[in-house]
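The following exercises are to be solved with the sequence and the structure in view. Each task is followed by a solution that proceeds step by step.

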Amino acid sequence: MADRDETPDERYDRNWNELLQELRVAQTGVQLLFAFLLTLPFSTRFPAVSPGQKVTYIVTILCTTVSALCLIAPVSHHRILFRRGRKEELVAVSSNLAGVGLWFLWLSVVGAVFLIFQFVVGMSWAVVVGAVFAVAFIGIWYVLPTLKR
């Protein structure tokens, strides 16, 4: 791999811009999922949810909240550190937050799919479909890029 002809500041700027592009995609996903989950308790069928399904819902909404927190936090960090010469630190911290946010995002998506299957067709289907998607997320989001690294 050839080195780029750029200064450290140019590299941090490029890394920051690339990270922002990634965050835009992830933020949209977590915000849509969060909005969907926030409406569920106000639906007419929510009282029919079993105690176990309510636990699944609470765990899923908490994972989604942590994901939103981590994926949106870099914006706040940038606002506070803007023009302070801390881009290297900003990129490092934001990259870590993005990694944590993505981890909780896949847990949220799997939790939401698990909850829907649990409610609509039962626990057996929910376990199978939830496990398949958990393995798929880990494989596609983590194992595949790690192998290509």
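A residue is called buried when its relative accessible area is under 20%, exposed when that area is over 50%, and partly exposed in between. The model examined here is predicted.

**Exercise 1. Classify cysteine 63 and cysteine 70 as buried or exposed, and determine how many disulfides there are.**

Solution.
Step 1. Cysteine 63 has a relative accessible area of 12%, so it is buried. Cysteine 70 has a value of 8% and is therefore buried.
Step 2. A disulfide requires a pair of cysteine sulfur atoms within 2.5 Å.
Step 3. For the sulfur of cysteine 70, the closest cysteine sulfur belongs to cysteine 63 and lies 11 Å away, which is too far for a bond.
Step 4. The count of disulfides under this rule is zero. Cysteine 63, accordingly, takes part in no disulfide.

**Exercise 2. Check what span helix 1 should have, given its 32 residues.**

Solution.
Step 1. Helix 1 comprises residues 8-39.
Step 2. The expected span is 1.5 Å times one less than the number of residues. For the 32 residues of helix 1, this gives 46 Å.
Step 3. The end C-alpha atoms of helix 1 are 45 Å apart, which agrees with the expected span.

**Exercise 3. Describe which residues of helix 1 are buried and what covers them.**

Solution.
Step 1. The buried residues of helix 1 are Tyr12, Trp16, Leu19, Leu23, Ala26, Gln27, Val30, Leu33 and Leu37.
Step 2. Their cover includes helix 2 (51-81) and helix 3 (87-120).
Step 3. Arginine 24 also belongs to helix 1. Its relative accessibility is 44%, so arginine 24 counts as partly exposed.

**Exercise 4. Characterise how helix 1 crosses helix 2, and which kinds of residue make the contact.**

Solution.
Step 1. The two axes come within 9 Å, and they cross at roughly 145°.
Step 2. The crossing of helix 1 past helix 2 is left-handed.
Step 3. On the side of helix 1, the contact residues include Trp16, Leu23, Phe34 and Leu38. On the side of helix 2, they include Tyr57, Ile61, Pro74 and His78.
Step 4. Sorted by kind, the residues of this contact are 15 nonpolar, seven polar and no charged.

**Exercise 5. State where histidine 78 and serine 94 lie, and which residues they touch.**

Solution.
Step 1. Histidine 78 is part of helix 2. With a relative accessibility of 16%, histidine 78 counts as buried.
Step 2. When residues up to four places away in sequence are not counted, histidine 78 touches Trp16 and Leu90.
Step 3. Serine 94 is part of helix 3. Because its relative accessibility is 0%, serine 94 counts as buried.
Step 4. With neighbours within four places in sequence left aside, serine 94 contacts Trp16, Leu19 and Pro74.

**Exercise 6. Relate separation in sequence to separation in space for glycine 111 and cysteine 63.**

Solution.
Step 1. Glycine 111 is located in helix 3. Its relative accessible area is 10%, so glycine 111 is buried.
Step 2. Glycine 111 and cysteine 63 are 48 residues apart in sequence, and their C-alpha atoms are 8.6 Å apart in space.
Step 3. Apart from neighbours within four places in sequence, glycine 111 is in contact with Thr56 and Thr60.
Step 4. As a further pair, arginine 24 and valine 143 are 119 residues apart along the chain, and their C-alpha atoms are separated by 23 Å.

Notes. Residues are numbered from 1 along each chain as its sequence is written. This is a predicted model: local features need pLDDT of at least 70, side-chain atom pairs count only at pLDDT 80 or more; totals for chains, interfaces and linings use all residues. Side-chain values use heavy atoms; hydrogens and water are left out. Buried means under 20% relative accessible area, exposed over 50%, partly exposed in between (1.4 Å probe, protein chains only). Helices (H or I, at least four residues) and strands (E, at least two) are DSSP runs, numbered from the N terminus. Contact means heavy atoms within 4.5 Å. Axes are lines fitted to C-alpha atoms, for helices over the stretch in contact, and angles run from 0 to 180 degrees between N-to-C directions. A crossing is left-handed if the near helix is turned anticlockwise from the far one by less than a right angle, and right-handed if clockwise. Ala, Val, Leu, Ile, Met, Phe, Trp, Tyr, Cys and Pro count as nonpolar, Asp, Glu, Lys and Arg as charged, and the others, Gly among them, as polar.
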